[in-house]
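Colleague: Could you take me through this model slowly, with the meaning of each term as we go?

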Amino acid sequence: MQTQTQLKSMQIGRMKNSLLKKFRSKSRVMSPKTDIKIVLKGQLCCADYNENTIYLPAGDFNDENYLQMLEGAVDHEIGHMKHSTKEAVIKAKSINEFVNNLRNLVEDIRMERLVVREFPGARRTLSGLVDQAIKLGWFSQTKPEETPIRLLHGFLLYYCRYHFMHQVQLQQHQQLAKGHLEGELGNVFVDELINIVSKIPELKCADDSVTMAITIYDLLKQELPENQEQEKQEQESSDDSEDSDENSSGADQSSDENSIDDSSSNANENTADQSQGTDEEGEGSNEQSTDSESPSNAIGGQSPDAQRTNQPLSSSEMNEQVSSEQSKQAQAFIKSCLSAGISDFPEDLHEMINKELEAMVDDALKAGSMSDVELNPFSPAKHQVFGEIDFNVANKASSRVKNPLQRALYDMNRQFVSHTKRGVNLDGNRLAGVSSRNFHVFKDEIQTKAPNTAISIVIDRSGSMIMDGRTQGGVYYPRGFKMKVANEAAFALAKGIDSLPGAECEVMYYPFEENTVHIAKSFKEKTTAAKNHFKVDPHGGTPTGRAMQLALQRLAQRPEPRKMMFVLTDGDPNYDEYDLINQTLTEASVLGIDIAAFGVCTDSVVGFEGSGFVHVDDVKDLHTAVKDAIKQRLFG
């Protein structure tokens, strides 16, 4: 029996730790870092830049892979929304897809550096995203047989992430990629690439990422034959113009000298012409003799050029030939990169993240680790409300409910007793055990003072709360009476708790549009200051389970040692919420959170039959309902 009890205790402990971890993770993901809205629901994963909203799929928060991927995706998308621009994308695409692909690669790293600078904790989440990318094969080590564009992209991706994001898990990736690229383009060219990307820490805006992508593109284009020939021609043209300038200046300087010598040179030329005629005749016969002998001078009857081809190349000529072949190989590599189409590039990281998160949620649903209802959890918000409430009645009810609440919370003082071998308070009841060598006879008492309690008040504002002028249980209820009772009861409870030192509460109404709840009063607010937010009108269905899940998650994050939840409803939840209500009651029990259900104008509260509930038909009787809840030990 003792072993079974211990086993059950261990199971409860594991479940409690699991729940706390899940709630902490959700809170961490959803906590606001900026004015960007994060919506966790359904299976859709995308970012709406027009609405400044990131949509994430609601998956299994006990799945480490899902959580690591989710947290990294949040920080990555927040970075793009804060620091990237559409104009930069349009500018890069207007050049070509190659430049836009490079821009995307550089911009990811530029903006992630800014995110880490603003939120240092993002370094862990973004590094976790890389871990997932490696595990899933998105960031795989490059191989020599891969296409040129993938080798180039792989080197730039891994080198930049390793050196500028300090993602050390990519160290071997970038080393291999660098070696492969050097084998194709040579060390000098790769060094030029590194020199360009080394300026990533200096980039100030999204347009700078476009400029760097264009710089890399231009570097590649310069290596193509047609661009090299054009550059050579431009260089030669520049050299010729410089020589022409020098010749023209020299001619000007010698023109005067030539005019002085003209007369003497003419006289000498006449004398020279006569003797030159005789010499030319003699030379003519010698030239004919030389021309006729030239074929016989070549070895084997071959011309010197023909003979040269059969001799081994010198080392300098061999190096020149190898260099020429390498140059052709590099040019073919670059030409392939520049002509790559969209389908040739590695898949975009954002698209891969979205697909994987959606697949993870689908797998969790199939495995039964989460329900369809959990796909659309609630998130807190503040809404404009236009319902009915009588504050005079609510204030009077608050005065009457204060005392039973105070007694209940102060009765929750906890006393912990332990026994030791040494102390000052001797426990006489333990002395009989000394003969059995049990010397733990000194009593040590620790008392934890109440209230020190956090309470969440959850109110149903579904369409059935209208109570459209009906008689129920022999009592006539005018239109909207149930919702009015719920508003006044919520205000009375909240104001009563405000008056108790050490006790804090929040008040949330459900449901509202876009899977949100209305926070009428936060834990930090005073009820009287937020009173206009209690004027809530009835509308919508009754997703009680999802509302309770959100309240449980928020309570679990509170520092107070005691936590309670009051649920005010007319007791008719949506059919698909039954299981989630039971699940929430079980989880609350594991976490030590008391839940008390108040049936508003009803004798039946579906889903709480086993745990117990009380009912309140009029806010004037609220104090009686609280006393009944205490008697049933629903809390306190």
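**Backbone and core**

Modeller: His 166 lies in the loop between α6 and α7 (171-185), where helices (H or I, at least four residues) and strands (E, at least two) are DSSP runs, numbered from the N terminus. This is a predicted model, in which local features need pLDDT of at least 70 and side-chain atom pairs count only at pLDDT 80 or more, while totals for chains, interfaces and linings use all residues. Residues are numbered from 1 along each chain as its sequence is written, and side-chain values use heavy atoms, with hydrogens and water left out.

Colleague: What is the phi of His 166 near?

Modeller: Most residues other than glycine have a negative phi. His 166, although not a glycine, has a positive phi, near 55°.

Colleague: Which helix gives the largest share of the largest nonpolar core?

Modeller: A nonpolar core is a set of buried Ala, Val, Leu, Ile, Met, Phe, Trp, Tyr and Cys residues joined through side-chain atoms within 4.5 Å, and buried means under 20% relative accessible area, exposed over 50%, partly exposed in between (1.4 Å probe, protein chains only). The largest core has 83 residues, and Ile 200 is one of the five that touch the most other members. Its largest share, ten residues, comes from helix α6 (residues 148-164).

Colleague: Is Glu 514 buried or exposed?

Modeller: Glu 514 sits in the loop between β10 and β11 (516-521), and its phi is positive, near 60°. Because its relative accessible area is 56%, Glu 514 counts as exposed.
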